[in-house]
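Visitor: Please pick one part of this model and take me through it closely. Keep the sentences short, and give the cut-offs as you go.

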Amino acid sequence: MPSNYPDSRKTGQELRIETIAAMEAAIAASGFPDGWGFDLGPDAAQWDPATEEFIGAGCATRPGNRGQLFQVELFHAPDGDPVAFAMKMGEFWKSRGYTVTAVGDIDRGARHFTELRADRSDGSLYAGVTAHTTAFNLGVYSECTTDPSLEKFAGPNGYRSFDWNDPNPYRPTNSPSITPYPRLTVRGPMAVLVTMSSAAACVNVGVDLERLSRQTDLSR
């Protein structure tokens, strides 16, 4: 992974759409449409793209310049051969034009631990899979940006600020105020003017999220 990423200059609104699209495409390719959560525990929150919020994690676009990106890590109870599952995901990302490499040796130890990563053409991390006999894990990572909107949560209907006074600011118990998204012009070949406040909104206007993710990323 490079120490510096290209600055996409995309907003949290745009990157939320792309991150959800990428993860939904990975889930579809996994063969397990249900059962993905943020942990494997019985009380773990489940993946729900229609309601999911994202907030920026650190990345750098040049030395000393702090950018941010969105990332999501999901887990599924193991079902079948973990090595075969990891390789299946690797082949899926290869088919979409990404460079896929193994992180360490394939089929390590008694748990058959296998980890692969998929990189964009610029060398920045796009996605990864880790599989072994106790868990299957998928990760998706957005482009890096210096847009300040990633300082706020990007949710289905708009942005909200991080509330330090809330007992659980990531899943707030207070009633946070939401700043609605502006109307968004989709960049790239599918440049149409639509209001994209959520994955559901994209579907309603006929935008294929998987295709949107592929075109906005690979056509650069």
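**A close look at strand β7**

Guide: Helix α1 (residues 12–30) lies across β3, β6 and β7, and runs at about 150° to β7. Helices (H or I, at least four residues) and strands (E, at least two) are DSSP runs, numbered from the N terminus. The angle is taken between N-to-C directions on a scale from 0 to 180 degrees, with axes as lines fitted to C-alpha atoms, for helices over the stretch in contact. Contact means heavy atoms within 4.5 Å.

This is a predicted model: local features need pLDDT of at least 70, side-chain atom pairs count only at pLDDT 80 or more, and totals for chains, interfaces and linings use all residues. Residues are numbered from 1 along each chain as its sequence is written, and side-chain values use heavy atoms, without hydrogens or water.

Now the strand itself. In β7 (residues 135–141), 7 of the 7 residues are buried, so the strand is largely enclosed by the rest of the structure. Buried means under 20% relative accessible area, with a 1.4 Å probe and protein chains only. In a regular strand, side chains alternate between the two faces of the sheet. Here Ala135, Asn137, Gly139 and Tyr141 point one way. Phe136, Leu138 and Val140 point the other way.

Next, the partners. Two strands pair if DSSP finds at least two bridges between them. β7 pairs with β3 (residues 71–76) in the antiparallel sense, over 6 bridges. One of the facing pairs there is histidine 76 with phenylalanine 136 of β7. β6 (residues 125–132) also pairs with β7, antiparallel, over 6 bridges. Across that pairing, alanine 127 stands opposite valine 140. A hairpin links β6 to β7 through 2 residues.

Step back to the sheet. It is open, has 5 strands and follows the order β3-β7-β6-β5-β4, with antiparallel pairing. β3 and β4 (99–102) stand at the edges with a single partner strand each, so one side of each is left without a neighbour in the sheet. Neighbouring strands are turned by 15° against each other on average, direction ignored. Away from β7, 4 bridges join β4 to β5 (residues 114–119), and these strands run antiparallel. There, threonine 99 stands opposite aspartate 119.

A second helix also covers β7. Helix α2 (residues 82–95) lies across β4, β5, β6 and β7, at about 165° to β6.

Last, the setting. The protein has 4 helices and 12 strands. Buried residues make up 47% of its 220 residues.

Technical notes:
Buried < 20%, exposed > 50% of the residue type's maximum accessible area, 1.4 Å probe, protein only.
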